[in-house]
Amino acid sequence: MLCLTCHRVRPALSRSDYTAERAWLIVRQGLCACGVTPGRTWPPPVVREPATSPK
Ligand SMILES: [Zn+2]
């Protein structure tokens with residue numbers, strides 16, 4: 001999940017990759033931009049504060 005170059009979170013390739021864990025890692029580590037393929041459109045990651053919602 002993490003980029004080996006910048007050690008940040010690589011962009012999700014599919015909608016199913018948008019997990020709470022990934023969002024949390026993006027908040028903490030930041031989002032990798034060096035692995036983005038030009039021309040490929042992917043939905044921007046939702047970066048938000050980790051909500052303390054009860055389960
Ligand atoms: Zn990277």
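This is a short guided tour of the structure, with suggestions on what to select at each stop.

Before starting, note that the model is predicted, that local features need pLDDT of at least 70 and side-chain atom pairs count only at pLDDT 80 or more, while totals for chains, interfaces and linings use all residues. Residues are numbered from 1 along each chain as its sequence is written.

**The whole protein**

Begin with the whole protein displayed, where the secondary structure comes to 1 helix and 0 strands; here helices (H or I, at least four residues) and strands (E, at least two) are DSSP runs, numbered from the N terminus. Of the 55 residues, 7% count as buried, a term that requires 20 or more other C-beta atoms within 10 Å of a residue's own, whereas 12 or fewer make it exposed and the values in between partly exposed, with the C-beta atoms placed from the backbone. Among the contacts in the protein with a separation of 6 or more, 33% are accounted for by residues 24 or more positions apart, a contact being a pair of residues whose C-beta atoms, placed from the backbone, lie within 7 Å.

**Before the helix**

Select Leu 4 next, in the segment before α1; Leu 4 counts as exposed because it has 8 C-beta neighbours inside 10 Å. If you add Cys 32 to the selection, you will find its C-alpha atom 9.7 Å from that of Leu 4, although the two are 28 residues apart along the chain.

Then move to His 7, which lies in the segment before α1 (20-29). The backbone deserves a look at this stop, since the phi of His 7 is near 60°, a positive value in a residue other than glycine. With 10 C-beta neighbours inside 10 Å, His 7 counts as exposed.

**After the helix**

Now select Cys 34, in the segment after α1, which is exposed because 9 other C-beta atoms lie within 10 Å. Leaving aside neighbours within four places in sequence, Cys 34 is in contact with Cys 3, Thr 5 and Cys 6, and these can be coloured together with it. Pro 11 can be added as well, as its C-alpha is 9.9 Å from that of Cys 34 across 23 residues of sequence.

Finish at Val 47, also found in the segment after α1, where 11 C-beta neighbours inside 10 Å mean that Val 47 counts as exposed. Not counting residues up to four places away in sequence, Val 47 touches Ile 26 and Val 27, while the C-alpha atoms of Val 47 and Leu 31, 16 residues apart in sequence, are 9.4 Å apart in space.

Technical notes: Two residues are in contact if their C-beta atoms, placed from the backbone, lie within 7 Å.
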